[in-house]
Amino acid sequence: MSEVRRNRAELARDKKATFGADVDLLQYQILAEDQTKALDLDNLTTEDREKIIQSGVDLEENNRAGTFLQTDHRIVHCAAKQPGLEVLPMAQALEEHPWLEELYWQAVPVDADKYTAQAELHFQNGYFIRALEGQQVATPVQACLYMKHESTAQNVHNIIIAEEGSELNIITGCATAPSLQSGLHIGISEFYVRRGAKLTFAMIHDWAKDVVVRPRSGIVVEEDGLFLSNYVSLKPVRSLQMYPTTRLTGPGAVARFHSILVAPPGCELDTGARVVLEAPHTRAEIISRTLTTGGVIKARGHLRGLEKDVKAHLECHGLILSDQGIIHAIPELEGHKAGVEMSHEAAVGKIAEEEIEYLMARGLTEEEATATIVRGFLNVQIEGLPPELQARVDLAIEESEKSML
Amino acid sequence: MLEINDLWVDINGDQVLKGVDLTIPRGETHVLFGKNGSGKSSLLMTIMGFRRYKVRQGRISFKGEDITQMPIDERAKMGIGLAFQRPPSIKGVKTRDVFDICNSNSVSCEDLADKFEFSELLERELNVGFSGGEMKKSELLQLLLQDPELVMLDEPESGVDLENLKILGKAINKLLQKYLWRTRAKSGLVISHLGFILNYIEADAGYVLMDGRIHCRGNPRELFKGIQRHGYQECVKCQR
């Protein structure tokens, strides 16, 4: 099986992605496996520790059910603190669970493009997180993929499984060392939400100015399963392109995506979410808030209703704070049966003068009024998101507010 | 407190005020009547300093200082407050946050909201999905927190049911210190269509604004009676 996969990847080695600028993969060195020097939390430098903490990781592991931390291609720390929860490096998980082969590359095709191909051909671990059947892991599990080595590629493959009737909450922070200028991050993430399970996922990206990011994610939600995703990228990154596909395969399955994106000058974000409603009574919601202070944002969304009695809504709101910035909202609705109920709402523009002046009449200066409105615009409360994850998102927005305006 | 001389204002080239003269001494409340589009709201928005309202001629002074070119927030800090006729909805910004912005005297927002039956709306986004009455109440409570010396109210009673009108009346009373007489320090400029508001304020003078000019001055209750009886056309003729 792995040979077939490898062959498919080989054939896709130069396959350009449908969206996003094409990346010359040869520009980025691939670090070789090196297990001679063990890494652990204690030998992280102070500046790395600070950056990792900023990305949402609690290094003391307080109020965390488990932790996974990988720097470049090496595992730094991996632990599960609660029974019924598994947190493993992907290579180890593949060894321990032979059945995982069946799920590996099932939600994302290995030959989707050159990035998925590279993740297969130059596999550098990643995380495996799983809540066993019926287990309620209410305390968040944290994961961090950290890049430190200049001009290298990090190719990780993650699998997250919420088994039948379980609950799992994950906070992931991806970040780069302060000294790092350029790099490529390829992250494959496959999510399997089994019958009646609930999986919430908050991802906060904090890359460097010249980093290129190509996540490739696929999500499968079974009957009465719930998947909630909250994605935040507020810091400069040269190019980020992702368009995860979610399949709602069983009746009553629900997926919600909320994303908050800020594009400073020189930054290109091409992101969105696609949900295929394959079973009756499934529901989906895609909400994005995008803001440019000079960068380019493409905010995509695609809802495909294949069965009757499905309900889905798509909302893209964009705020342009600089004439150099561009926001391009591309919402798509595709209904295949009578009885699908799908809607979208898209609005792109600058802050209404009327709103600024209104707050000025209450005593705020123009800058303060603008900041208040921007903060409100980015303040997306995601229904069902655990308070710890929401607090983390709120904090990220608060911290970046000053540099944004 | 407020002195306006020969004020000419336009919006996008359209003249909306054509030589308005108006003086409101400290402690007095004046009422503006007039048809829709006569320039009443434009006058209040100009006094507040909204940028769409371009002053082409004339002068506005407040507490002896020329504020004609002063930014909105500085006017607010000097003590001018406006309850909007149609305030904007601001998505994502909680009503409580705006109340905190207004709160100049560290008053408890909870207590105030509780007193005026507004508590449930504090956590909602400002004016998003609010009824007409709820918006008016929100405006008045913001002014109570701001505690301005010149209180400008743009049709505070429109769209409000009778029960809430009483509650709003209580807020307006407080804002304009109706309970004080000789020592009243607050001044008011109030726009009214329906005249209900006259029951809740001690109005000292009234004006009829027509086509960007003040046509009639007098006792506000008498003026309003006249308007009810004969319509605004009589005011044009009377030129008092």
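## Contacts along chain A

Let's start with how chain A is wired together. Of its contacts between residues at least 6 apart in sequence, 84% join residues at least 24 apart. Please keep in mind as you read on that this is a predicted model.

The secondary structure of chain A consists of eight helices and 20 strands. Two of those strands, β11 and β14, come back further down, in the section on aromatic rings.

## Overall dimensions and surface

How does the radius of gyration of chain A compare with that of a compact globule? For 405 residues such a globule would have a value near 22 Å, and chain A, at 21 Å, agrees with this. Measured out along the principal axes, the C-alpha trace of chain A spans about 65 × 55 × 45 Å.

Buried residues account for 60% of the 405 residues in chain A. The accessible surface of the chain amounts to about 15,800 Å², and carbon and sulfur atoms contribute 48% of that. As for charge, chain A carries 39 positive and 60 negative charges, and the mean positions of these two sets are 3 Å apart.

## Aromatic rings in chain A

Over all chains, the count of aromatic pairs comes to 12. One of them is formed by Phe227(A) and Phe257(A), a tilted pair with 5.7 Å from centre to centre and 55° between the planes. Phe227(A) belongs to strand β11 (residues 226–233) and Phe257(A) to strand β14 (residues 254–263), so this pair ties together parts of chain A that are 30 residues apart in sequence.

Are these two rings buried or exposed? Phe227(A) is buried, with a relative accessible area of 1%, and Phe257(A) is buried as well, at 8%. Both values fall under the 20% that marks a buried residue. The pair also has company: ring pairs link Phe227(A) and Phe257(A) with Phe191(A) and Phe201(A) into a cluster.

## A covered helix in chain B

Now for a look at chain B, where helix α1 takes in residues 40–48. This helix is mostly covered, with eight of its nine residues buried. Which residues are they? The buried ones in α1(B) are Lys40(B), Ser42(B), Leu43(B), Leu44(B), Met45(B), Thr46(B), Ile47(B) and Met48(B).

Just after α1(B) comes Gly49(B), which takes a positive phi of about 105°.

How values were computed. Residues numbered from 1 in each chain as written. Chains lettered and ligands numbered in written order. Predicted model: local features only at pLDDT ≥ 70, side-chain atom pairs only at ≥ 80, totals over all residues. Heavy atoms only, no water. Helix = DSSP H or I, 4+ residues; strand = E, 2+ residues; numbered from the N terminus. Rg over C-alpha atoms; globule rule 2.2 N^0.38 Å. Buried < 20%, exposed > 50% of the residue type's maximum accessible area, 1.4 Å probe, protein only. Contact = heavy atoms within 4.5 Å. Areas by Shrake-Rupley, 256 points an atom, 1.4 Å probe, with all protein chains shown as cover. Lys, Arg positive; Asp, Glu negative; His and termini not counted. Charge placed at Lys NZ, Arg CZ, Asp CG, Glu CD. Phe/Tyr/Trp six-rings, centres within 6.5 Å; stacked < 30°, edge-to-face > 60°.
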